[in-house]
Amino acid sequence: MPTATEGTRTARRPAGTGAQRTVTAHGAWFLVLPAVIPVLVLSVGPLVYGILLAFTDAQSGRTEPTRWIGALNFSDLLHDTLFWESFRIGLVWAVGVTVPQFLLALGLALLLNEDLRLRPLARALAIVPWAMPEVVVAVMWRLVYDPDAGILNETVRDLGLGDGRDWLSGLGTALPAVIVVGVWAGMPQTTVALLAGLQNTPRELHEAAAVDGAGAWRRFRAVTWPALRPIALAITALNLIWNFNSFALVYVLTNGGPGGRTRLPMLFAYEEAFRYGQFGYAAAMGCVMVAVVSVCLACFLAGRIRGGGDA
């Protein structure tokens, strides 16, 4: 039997609180749906379909119905030396682009954070490559690397360093040449992220360190880098994933050549699907790449959690 105190508490409780919470929850879901539905339709749906397709023998132009073959595509993939060679090239490309991209972007961000003349104009020019579509960037750099009339070979000839070369068709120069383009095209977004971190660092900390006699390098290590470290880790992880999954830039520049020296995993899967019609096998390649990216993300998140726990 309720006591008088309990009766008073019950009387003071607003009527319909549970119903109001239900209505509020339904309203929140209703507001979220316009953002969730495109993700489900355009991202989650194709991902699930691709995973299912990887366990079939789907091919283009076949009249027989598609059959479920289990893990046969993955078994064949384990012994496909061409795919694993493209996987190795993809890792070299991703690391080779991400590391210089970060170092150059860090230097540019530090420069743009200083009180320079025409600093707004310099910041605007620094993000021009980011505003250009990848196809346009690739076509522009094909003109730069052109063996006959390209500005790079013209400069080499003017300096008396030789007659130039076909940079995108040489077995030893194709991948480094493409990496240079990848660094140039992706550096602005890293610069913007690091510049935002620098602007959020209190200037008083730098002034205090300078008063204590700390030089530029010591101020960078003691003040700047600790503030930039979370941003640097996040943008580096994202850049590795984006670069590993690159397609358009390399496709337009070299189409995977010469001799497969620039055939990234995405290019290999594209050729298997749309040149040779092996949709099931290409889907298995996509699943492997998704698994690799997921493992990288899990390692990154685990490191961030441990880092936050230590802090």
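**Exercise 1. Find which residue partners E154 in a salt bridge, and work out how far apart the two sit along their helix.**

Start with the side chains: E154 and R157 meet in a salt bridge, with 3.4 Å from N to O. Keep in mind that you're looking at a predicted model.

Next, place the pair. Both belong to helix α8, which covers residues 151-158, and they are 3 residues apart, so about one helical turn separates them. Why does that spacing suit a pairing? An α-helix has 3.6 residues a turn, so residues three or four places apart point the same way.

Last, check how covered they are. Partly exposed means between 20% and 50% relative accessible area. E154 comes out at 34%, so it counts as partly exposed. R157, at 31%, is partly exposed too.

**Exercise 2. Do the same for E85: name its salt-bridge partner and say where the pair lies.**

The partner is R88, and the closest N and O atoms are 2.6 Å apart.

Now the location: E85 and R88 are in helix α4, 3 residues apart, which puts about one helical turn between them.

As for exposure, E85 has 35% relative accessibility and counts as partly exposed. R88 has 44% and also counts as partly exposed.

**Exercise 3. Pick out a salt bridge that ties together parts of a loop, then look for a network of salt bridges.**

First, the count: the structure holds 5 salt bridges.

For the loop, go to R67. It forms a salt bridge with D57, and their closest N and O atoms are 3.2 Å apart. Both residues lie in the loop between α2 (17-53) and α3 (72-78), so the pair ties together parts that are 10 residues apart in sequence.

Then test D57 against the cut-off for buried, which is under 20%. Its relative accessibility is 10%, so D57 counts as buried.

For the network, look at R263, E271 and R275, which are linked by salt bridges.

**Exercise 4. Work out which residues touch the most other members of the largest nonpolar core, and which helix gives the most to it.**

Begin with the members. The core has 39 residues, and L77, F83, W93, V181, L249, L253 and M285 touch the most others.

Move on to the helices. At least two core residues come from each of α4 (81-112), α7 (134-144), α9 (174-199), α11 (216-244), α12 (248-253), α13 (265-274) and α14 (279-310). The biggest giver is α14, with 8 residues.

Zoom in on M285. Setting aside neighbours within four places in sequence, M285 is in contact with L77, D80, F83, F268, A269 and E272. Another core lies apart from the largest one; it has 13 residues, including F102, A105, L112 and L198.

**Exercise 5. Decide whether α13 is mostly covered or mostly open, and list its buried residues.**

Count first: 7 of the 10 residues in α13 are buried, so by the under-20% cut-off it is mostly covered.

Then name them: P265, L267, F268, A269, E271, E272 and A273. Notice that E271 is on this list and also in the network with R263 and R275.

**Exercise 6. Describe the linings of the largest and second largest pockets by class of residue.**

Take the largest pocket first. It holds about 630 Å³ of space. There are 22 lining residues, and the closest to the centre are A282, A283, G286, C287 and V290. At least two lining residues come from each of α2, α13 and α14, and α14 gives the most, with 10. By class, the lining has 18 nonpolar, 4 polar and no charged residues.

Now the second largest, with a volume of about 330 Å³. Among its lining residues are L110, E114, D115, R203, H206 and F220. Helices α9, α10 (203-211) and α11 each give two or more. This lining divides into 3 nonpolar, 5 polar and 3 charged residues.

**Exercise 7. Look along the loop between α12 and α13 for backbone oddities at N255 and P258.**

Step one is N255, which sits in that loop. Its phi is near 55 degrees, a positive value in a residue other than glycine. At 33% relative accessibility, N255 counts as partly exposed.

Step two is P258, placed in the loop between α12 and α13. The peptide bond from G257 to P258 is cis, with omega near -5 degrees.

Notes
Residues numbered from 1 in each chain as written. Predicted model: local features only at pLDDT ≥ 70, side-chain atom pairs only at ≥ 80, totals over all residues. Heavy atoms only, no water. Core = buried A, V, L, I, M, F, W, Y, C linked by side-chain atoms within 4.5 Å. Buried < 20%, exposed > 50% of the residue type's maximum accessible area, 1.4 Å probe, protein only. Helix = DSSP H or I, 4+ residues; strand = E, 2+ residues; numbered from the N terminus. Contact = heavy atoms within 4.5 Å. Salt bridge = Lys/Arg side-chain N within 4 Å of Asp/Glu carboxyl O. 1 Å grid on protein atoms, 1.4 Å probe; cavity = no way out; pocket = protein on both sides within 12 Å on 5 of 7 lines; lining within 4 Å. Points joined across faces, edges and corners; volume = space filled by probe spheres on them. Nonpolar A, V, L, I, M, F, W, Y, C, P; charged D, E, K, R; others polar.
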